[in-house]
Amino acid sequence: MSWLQDALLALRKVVLIDSRISELSAQVKALAEAHQNLDRRLARLEGKFELLERMGAARRRRLPPSG
């Protein structure tokens, strides 16, 4: 009966591993979505900072120093 117990134990381990892989797959998908969201937000912030820098540089060029 030892081989039967070993077979059942191995089958339980396979089922457990499959369950864990499914959970990890769901977590990886959620992390990928969060990464894409953060990447989009960072790109928008970079664009806004570039615009602010350009506006600030243009303003400095146009206004002569008082004196």
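**Surface patches along a single helix**

Leu8 has 42% relative accessibility and therefore counts as partly exposed (buried means under 20% relative accessible area, exposed over 50%, partly exposed in between, with a 1.4 Å probe and protein chains only). The structure is a predicted model, in which local features need pLDDT of at least 70, side-chain atom pairs count only at pLDDT 80 or more, and totals for chains, interfaces and linings use all residues. Residues are numbered from 1 along each chain as its sequence is written, and side-chain values use heavy atoms, without hydrogens and water.

The fold is pleasantly easy to describe: the chain has one helix and zero strands (DSSP runs numbered from the N terminus, H or I of at least four residues for helices, E of at least two for strands). Leu8 sits in helix 1, which covers residues 2-62. Of the 67 residues of the chain, 0% count as buried. About 6800 Å² is exposed by the chain, with 61% supplied by carbon and sulfur atoms (Shrake-Rupley method, 1.4 Å probe).

Leu8 also belongs to a nonpolar surface patch with Trp3, Leu4, Leu11 and Val15, and together these residues have about 530 Å² of accessible area. Patch members have over 30% relative accessible area and no salt bridge, with like charges joined within 9 Å and nonpolar side chains within 5 Å; a salt bridge places a side-chain nitrogen of Lys or Arg within 4 Å of a carboxyl oxygen of Asp or Glu.

Charged patches appear as well. Arg40, Arg41, Arg44 and Lys48 form a positive one. Arg41, in helix 1, is partly exposed because its relative accessibility is 46%. A negative patch comprises Asp39, Glu46, Glu50 and Glu53. Glu46 likewise lies in helix 1, and at 45% relative accessibility it counts as partly exposed.

Technical notes. Lys and Arg count as positive and Asp and Glu as negative; His and the chain ends are not counted. The place of a charge is taken as NZ of Lys, CZ of Arg, CG of Asp or CD of Glu.
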